[in-house]
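Visitor: Please take one part of this model, the charged side chains that pair with each other, and go through it closely. Then place that part in the rest of the chain.

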Amino acid sequence: MDSSISYSKSLAIELSQSKDLLLFPTRNYERITLQQDYTKEGFWEIRNSRGKRVKFGIVEANRQDISIESLENGVYFLSLYKLEGDDVNRTSFIKFAQ
């Protein structure tokens, strides 16, 4: 898998180039934007480094904002699931304070 890391003031995001999934911060770094052509019917979840689900939502569009303001500093894994089948698309990000 070809991937790279992108850093901002308070967020680091692993960009997975091969999975049609893009995750990037909004200007105020309180939200991340999920952009994908993976599924139109599915759901996403964010888990912390211990595997605990901390956020969950339904895929509403090919591009949507997800609030991360309430998340503590740490490593998180975002997974995108299709409703049909077991197919999963994943990426990760790190939230940290300056």
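Guide: The side chains of Glu45 and Arg47 form a salt bridge, with 2.9 Å from N to O; the term stands for a side-chain nitrogen of Lys or Arg within 4 Å of a carboxyl oxygen of Asp or Glu. The model is predicted, with local features needing pLDDT of at least 70 and side-chain atom pairs counting only at pLDDT 80 or more, while totals for chains, interfaces and linings use all residues. Residues are numbered from 1 along each chain as its sequence is written, and side-chain values use heavy atoms, leaving out hydrogens and water.

Glu45 has a second partner, since its side chain also meets that of Arg53 in a salt bridge, again given as 2.9 Å from N to O. By this rule the count comes to two salt bridges, and they link Glu45, Arg47 and Arg53 in a network.

The three residues can also be described by their exposure. Glu45 is buried, at a relative accessible area of 3%, where buried means under 20%, exposed over 50% and partly exposed in between, with a 1.4 Å probe and protein chains only. Arg47 is partly exposed at 31%, and Arg53 is also partly exposed, at 41%. In this network, then, a buried Glu45 is joined to a partly exposed Arg47 and a partly exposed Arg53.

The strands come next. S5 (42–48) and S6 (residues 53–58) run antiparallel and are joined by five bridges; strands are DSSP runs of E of at least two residues, numbered from the N terminus, and two strands pair if DSSP finds at least two bridges between them. One of the bridge pairs is Trp44 with Gly57 in S6. The hairpin of S5 and S6 has four residues between the strands, and Gly51 takes a positive phi near 90° there.

Another hairpin is built from S3 and S4, which run antiparallel and are joined by five bridges. Pro25 has Ile32 in S4 as its bridge partner. Five residues lie between the strands of this hairpin, in which Tyr29 takes a positive phi near 60°. Tyr29 sits in the loop between S3 and S4 and is partly exposed, with a relative accessible area of 22%. The C-alpha atom of Tyr29 is 8.0 Å from that of Glu69, although the two residues are 40 apart along the chain.

Between S4 and S5 there is a loop that holds Glu41. Glu41 counts as exposed, at 53% relative accessibility. Apart from neighbours within four places in sequence, Glu41 is in contact with Tyr81, Lys82 and Leu83, a contact being heavy atoms within 4.5 Å. The C-alpha atoms of Glu41 and Leu83 are separated by 5.9 Å, with their positions 42 residues apart along the chain.

Now the nonpolar interior. The largest nonpolar core has 15 residues, and those with the most contacts inside it include Ile32, Leu34, Ile46 and Phe93; such a core is a set of buried Ala, Val, Leu, Ile, Met, Phe, Trp, Tyr and Cys residues joined through side-chain atoms within 4.5 Å. Strands S3 (21–25), S4 (31–36), S5 (42–48) and S8 (74–82) each supply at least two residues of this core. The largest share, three residues, comes from S8.

Nonpolar side chains also appear on the surface. Val75, Phe77 and Ile94 make a nonpolar patch of about 220 Å². A patch takes residues with over 30% relative accessible area and no salt bridge, joining like charges within 9 Å and nonpolar side chains (Val, Leu, Ile, Met, Phe, Trp, Tyr) within 5 Å. Ile94 belongs to strand S9 (residues 88–95) and is partly exposed, at 35%.

For the chain as a whole, the protein has nine strands and zero helices, a helix being a DSSP run of H or I of at least four residues. Of the 98 residues, 38% are buried. Among contacts with a separation of 6 or more, 47% are between residues 24 or more positions apart. The accessible surface comes to about 6100 Å², and carbon and sulfur atoms account for 45% of that surface; areas come from the Shrake-Rupley method with a 1.4 Å probe, and for residues only the protein chains shown count as cover.
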